[in-house]
Amino acid sequence: MTTALITGGTAGIGHAFAEKFATLGYGLVLVARDQERLEDCAVRLRRQSGATVETLSADLATTEGRAAVEQRLSDADRPPVDILVNNAGFGLGSPFRRTPIEEEERLIDVQVRAVMRLTHAVLPGMVDRGKGSVINVASVAAFVPRGTYSAAKAWVVAFSESLAAELAGTGVRCMALCPGFAHTEFHERAKIDEGDIPKWMWLNASDVVDAGIEDLRKGLTVSVPSARYKILVGASKLVPRRLATKVSRNVSKRW
Ligand SMILES: NC(=O)c1ccc[n+]([C@@H]2O[C@H](COP(=O)([O-])OP(=O)(O)OC[C@H]3O[C@@H](n4cnc5c(N)ncnc54)[C@H](OP(=O)(O)O)[C@@H]3O)[C@@H](O)[C@H]2O)c1
């Protein structure tokens with residue numbers, strides 16, 4: 001049985017991955033901090049699709065939390081993880097100079113350090129077995145300069161592209177998934193006013209996941225779900241960097 005470990009599998013895009021993989025008959029390992037919510041999700045997914053669901057409560061901003069997940073990813077006595085989805089993440093609702101430095105560091109810990117360490121833990125087993133996939137959830141924010149969040153997502157894209165090249169011929173794939181604005185808990189958690197964001201820019205988490213899985217099947221290393229964001233990302237590469245920065249700042253005028 002294919003087993004997928006999803007960080008942040010209890011809400012938003014991560015939960016949409018869990019639902020999709022459960023319907024495909026995959027076993028799941030869900031990682032998040034809230035133990036009660038993990039259990040609720042596991043019960044619901046088992047009931048809906050008969051999926052095998054493990055839960056692992058871990059804070060990926062901490063050394064202990066990351067170590068617990070790394071241990072599961074490299075544990076030879078448990079069902080091997082065939083798909084790792086590094087999805088857990090959050091935004092910061094204020095500009096760099098006004099955000100406590102501890103929050104900025106937490107963002108790097110969850111969205112860079114954990115992505116790197118979990119990937120490092122899972123790869124040896126995948127390469128030995130000659131199969132496996134790592135999906136790193138980045139963002140279209142990777143392509144427009146905007147604070148530590150954008151910088152972290154740009155790192156995720158570069159890291160994924162580099163790994164995909166390194167893994168060529170091993171049977172293991174790596175892809176960065178770069179969604180635009182998606183209806184999840186992300187903006188509420190970051191206290192970002194959703195009203196500032198034009199309606200046409202919103203995506204559904206399940207559509208993002210379907211597009212990502214399809215692009216992984218096609219062998220893409222960077223997936224940008226939806227035609228409108230493909231156009232925007234293409235345009236962001238053509239316009240001068242300073243202009244792209246200005247436009248991105250204007251999307252949310254609160255900053
Ligand atoms: N929504 C968007 O518009 C959007 C756009 C582009 C990219 N993304 C990216 O998509 C990914 C998922 O975001 P989302 O929108 O689905 O967010 P979400 O709805 O807020 O879900 C976040 C998930 O991550 C978990 N999580 C948060 N911090 C964690 C930590 N320190 N340790 C372990 N788990 C943690 C949460 O569970 P607990 O709170 O229980 O830990 C939850 O399961 C993120 O990487 C985000 O940057 C989102």
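Trainee: Why does leucine 92 count as buried?

Mentor: In this predicted model, leucine 92 has a relative accessibility of 11%. Buried means under 20% relative accessible area, so leucine 92 meets the definition with its 11%.

Trainee: Where is leucine 92 found, and what separation do the C-alpha atoms of leucine 92 and tyrosine 149 have?

Mentor: Leucine 92 sits in the loop between strand E4 (83-86) and H4. Its C-alpha atom is 7.4 Å from that of tyrosine 149, although the two residues are 57 residues apart along the chain.

Trainee: What makes the protein chain as compact as a globular protein of its length?

Mentor: The chain contains nine helices and nine strands. Its radius of gyration is 18 Å, and the globule rule gives 18 Å for 255 residues; the two values are close, so the chain is as compact as a globular protein of that length. Along the principal axes, the C-alpha atoms fill a box of roughly 50 × 40 × 35 Å. Of the 255 residues, 50% count as buried.

Trainee: How do you know that glutamate 185 and arginine 37 meet in a salt bridge?

Mentor: The N to O distance between their side chains is 2.5 Å. A salt bridge requires a side-chain nitrogen of Lys or Arg within 4 Å of a carboxyl oxygen of Asp or Glu, so the pair satisfies the criterion at 2.5 Å. This pair links distant parts of the chain: glutamate 185 lies in the loop between strand E7 (182-183) and helix H6 (186-189), arginine 37 lies in helix H2, and the two are 148 residues apart.

Trainee: Why can such side chains pair?

Mentor: Side chains of opposite charge can do so because their charged atoms come close.

Trainee: Do these two partners count as buried or partly exposed?

Mentor: Glutamate 185 has 28% relative accessibility and arginine 37 has 27%. Partly exposed covers the range between under 20% and over 50%, so glutamate 185 is partly exposed, and arginine 37 is likewise partly exposed.

Trainee: What makes the contact of glutamate 54 with arginine 72 a salt bridge?

Mentor: Their closest N and O atoms are 2.9 Å apart, and the cut-off is 4 Å; the pair therefore qualifies. Here too distant parts of the chain are linked, with glutamate 54 in strand E3 (residues 53-57) and arginine 72 in helix H3 (residues 63-73), 18 residues apart. Arginine 72 counts as buried, since its relative accessibility is 4% and the limit is under 20%.

Trainee: Why are arginine 106 and glutamate 103 separated by about one helical turn?

Mentor: They are three residues apart in helix H4 (residues 101-129), which means a separation of about one helical turn. They form a salt bridge whose closest N and O atoms are 3.0 Å apart. Both partners are partly exposed, arginine 106 at 26% and glutamate 103 at 28%. In another part of the model, salt bridges that share partners join Arg37, Glu185 and Arg189 into one network. A search of the whole structure finds 10 salt bridges.

Trainee: Which residues gather in a patch of negative charge on the surface?

Mentor: The patch brings together Asp34, Glu36, Glu39 and Asp40. Asp and Glu count as negative, so the charge of the patch follows from its members. Aspartate 40 belongs to helix H2 (residues 35-49) and is partly exposed at 45% relative accessible area; patch residues need over 30%.

Trainee: Which residues make the nonpolar surface patch?

Mentor: Val239, Leu243 and Val247 make a nonpolar patch of about 230 Å². Leucine 243 lies in helix H9 (residues 241-251), and its relative accessible area of 43% makes it partly exposed.

Trainee: Why does lysine 191 count as exposed?

Mentor: Its relative accessibility is 63%, and exposed means over 50%; lysine 191 therefore counts as exposed. Lysine 191 lies in the loop between H6 and strand E8 (203-204). Its phi is near 60°, a positive value in a residue other than glycine.

Trainee: What phi does serine 226 have?

Mentor: Serine 226, not a glycine, has a positive phi of about 85°. Its place is the loop between strand E9 (222-223) and helix H8 (227-238).

Definitions and conventions:
Residues are numbered from 1 along each chain as its sequence is written. This is a predicted model: local features need pLDDT of at least 70, side-chain atom pairs count only at pLDDT 80 or more; totals for chains, interfaces and linings use all residues. Side-chain values use heavy atoms; hydrogens and water are left out. Patches are made of residues with over 30% relative accessible area and no salt bridge: like charges are joined within 9 Å, nonpolar side chains (Val, Leu, Ile, Met, Phe, Trp, Tyr) within 5 Å. Accessible areas come from the Shrake-Rupley method with a 1.4 Å probe; for residues, only the protein chains shown count as cover. The place of a charge is taken as NZ of Lys, CZ of Arg, CG of Asp or CD of Glu. Helices (H or I, at least four residues) and strands (E, at least two) are DSSP runs, numbered from the N terminus. Buried means under 20% relative accessible area, exposed over 50%, partly exposed in between (1.4 Å probe, protein chains only). The radius of gyration is taken over C-alpha atoms; the globule rule is 2.2 Å times the number of residues to the power 0.38.
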